[in-house]
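Please find below my notes on the model under review, set out as numbered points.

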Amino acid sequence: MKEFLFRPWPWWFSGIGISVVMFLLIFSGKQFSCSSNFRTICAAAGLGKRIKFFDFKWKKQTWNLFFLLGAMIGGYVAHHYLTNENRLFKFGTKKMGENIQSLSMSDPSDSARLNTLK
């Protein structure tokens, strides 16, 4: 199972998954967007007493907050437990810089390189 999760998946797989989830949300009449979670959080914090835009029944939108929480937890799990240790770029490490240089890339602020592009 671990081998299946670590190997590269085809690009179309995520497109199908996202399309199915969005179709189910639209079909069930739910409003979905990450920015609508900000509205729900502001309403739960009591801003509906001051601003009419935030005055709605926010408890009906708690499913959207759980979706956002699940996305954050999923990102954490994917990054820390499901990443391939042999990946090309490891952000925040010296190896990332070495890998960029091995691909003949350099710092874009390098003036010598900028002069050759003119």
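1. The protein contains six helices and zero strands. Read from the N terminus, its elements follow the order α-α-α-α-α-α. The model is predicted, and the points that follow should be read accordingly.

2. On burial, 11% of the 118 residues of the protein count as buried, that is, they have under 20% relative accessible area. The exposed surface of the protein amounts to about 10100 Å², with 66% of that area supplied by carbon and sulfur atoms.

3. As to contacts in the protein between residues at least 6 apart in sequence, 46% join residues at least 24 apart.

4. Helix H3 spans residues 34-44, and its buried residues are Ser36, Asn37, Thr40 and Ala43. Viewed down the axis of H3, these buried residues lie within an arc of 120°, and they therefore line one face of the helix. The general geometry agrees: an α-helix has 3.6 residues a turn, so residues three or four places apart point the same way.

5. Against which element do the buried residues of H3 pack? Their partner is helix H4, residues 62-81. Just after H3, glycine 46 adopts a positive phi of about 100°.

6. The largest pocket holds about 210 Å³ of space. Its lining is made up of Leu5, Phe6, Arg7, Trp9, Ala78 and Leu82. By class, the lining residues of this pocket comprise five nonpolar, no polar and one charged; the charged residue is Arg7.

Terms used
Residues numbered from 1 in each chain as written. Predicted model: local features only at pLDDT ≥ 70, side-chain atom pairs only at ≥ 80, totals over all residues. Heavy atoms only, no water. 1 Å grid on protein atoms, 1.4 Å probe; cavity = no way out; pocket = protein on both sides within 12 Å on 5 of 7 lines; lining within 4 Å. Points joined across faces, edges and corners; volume = space filled by probe spheres on them. Helix = DSSP H or I, 4+ residues; strand = E, 2+ residues; numbered from the N terminus. Buried < 20%, exposed > 50% of the residue type's maximum accessible area, 1.4 Å probe, protein only. Contact = heavy atoms within 4.5 Å. Areas by Shrake-Rupley, 256 points an atom, 1.4 Å probe, with all protein chains shown as cover. Arc of directions from axis to C-beta.
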